Amino acid sequence: PKDYKEAVKWYRIAAEQGNAKAQNDLGVMYYKGLGAPKDYKEAVKWYRIAVAQGYVEAQYNLGVMYAKGLGAPKDYKEAVKWYRLAAEQGNAKAQNDLGMMYAKGLGTPKDYKEAVKWYRIAAEQGYVEAQYNLGLMYVSGQGALQDYISAHMWWNIAGSKGDKSSIKNRKLVEKKMSKLQIKKAKRLARNWKPAHVVLFDALGR
């Protein structure tokens, strides 16, 4: 059995010695209430300390806290700021969530093209939720030209990783496609390989 209290003890020792990963992980334990009572303010405190050292995962986690209003006042602009910082350094979860903020117009003006851009970057890294979201944009023609082949391809890729919503949507979109289009989409999905995309490093270069 996992000993969360023991984990928290060691995370705290490392965190207090300045280890950014431990600081972030300690925040996660407070966020989830593992080995310590659930405490969103304490989670935010440790995420902030890790963020001060440029720790990318903590930037994303801090964005989530602002987006949900947990341990900090709900502030979509602040969430977008932290999502963007993490997204530009290659964090796929942050890229996907930044895409969602653009798609919904939360903390930033609604911009479907920008949403597609960030969904695509996360999808290319193999992030299933972004692959699903990108498929939706292609089917609706929001932020990109309507493209059933691309939608099918992305849902096929996400579906192969067990995403049930993508499998369901892929079957639905097939009804609007020719056999030739389906064949092409399947070939594209087979040949696809994930790629890690980093737009800027921690120094913004």
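Here is a walk through this predicted model, from the overall fold down to one helix and one loop residue.

Let's start with the big picture. The protein has 11 helices and zero strands, so reading from the N terminus by the DSSP runs used here, you go through α after α. Laid along the principal axes, the C-alpha atoms fill a box of roughly 60 × 40 × 30 Å. Of the 205 residues in the protein, 44% are buried. As for how the chain comes back to itself, take the contacts between residues at least 6 apart in sequence: 50% of them join residues at least 24 apart.

Now the outside. The protein exposes about 11000 Å², and 54% of that comes from carbon and sulfur atoms. On the charge side, there are 36 positive and 19 negative side chains, with the centres of the two sets 9 Å apart.

With that in mind, zoom in on α4, which covers residues 56–68. A quick check on its length works out: 13 residues at 1.5 Å a residue should span 18 Å, and the end C-alpha atoms sit 19 Å apart, which agrees. Just after the helix comes G69, with a positive phi near 70°.

How many of the 13 residues of α4 are buried? The count is 10, so by the cut-off of under 20% relative accessible area the helix is mostly covered. The buried stretch consists of A58, Q59, Y60, N61, L62, G63, V64, M65, Y66 and A67. And what does the covering? The cover includes α2 (20–32), α3 (40–51), α5 and α6.

Two of those covering helices, α5 and α6, lead us to the next stop. Between α5 (76–88) and α6 (92–104) there is a loop, and N91 sits in it. Is N91 buried or exposed? Its relative accessible area is 9%, and buried means under 20%, so N91 counts as buried despite its place in a loop.

What does N91 touch, once neighbours within four places in sequence are set aside? Its contacts are V56, E57, Y60 and A86. Of these, V56, E57 and Y60 fall within the 56–68 range of α4, while A86 falls within the 76–88 range of α5. Y60 is also one of the buried residues of α4. Closer along the chain, the side chain of N91 reaches the backbone nitrogen of K93 at 3.1 Å; K93 itself lies within the 92–104 range of α6. That puts this loop residue in touch with residues of α4, α5 and α6.

Note on methods. Residues numbered from 1 in each chain as written. Predicted model: local features only at pLDDT ≥ 70, side-chain atom pairs only at ≥ 80, totals over all residues. Heavy atoms only, no water. Helix = DSSP H or I, 4+ residues; strand = E, 2+ residues; numbered from the N terminus. Buried < 20%, exposed > 50% of the residue type's maximum accessible area, 1.4 Å probe, protein only. Polar contact = N/O pair within 3.5 Å; in protein donor to acceptor, adjacent residues only side chain to side chain. Contact = heavy atoms within 4.5 Å. Expected span 1.5 Å × (residues − 1). Areas by Shrake-Rupley, 256 points an atom, 1.4 Å probe, with all protein chains shown as cover. Lys, Arg positive; Asp, Glu negative; His and termini not counted. Charge placed at Lys NZ, Arg CZ, Asp CG, Glu CD.
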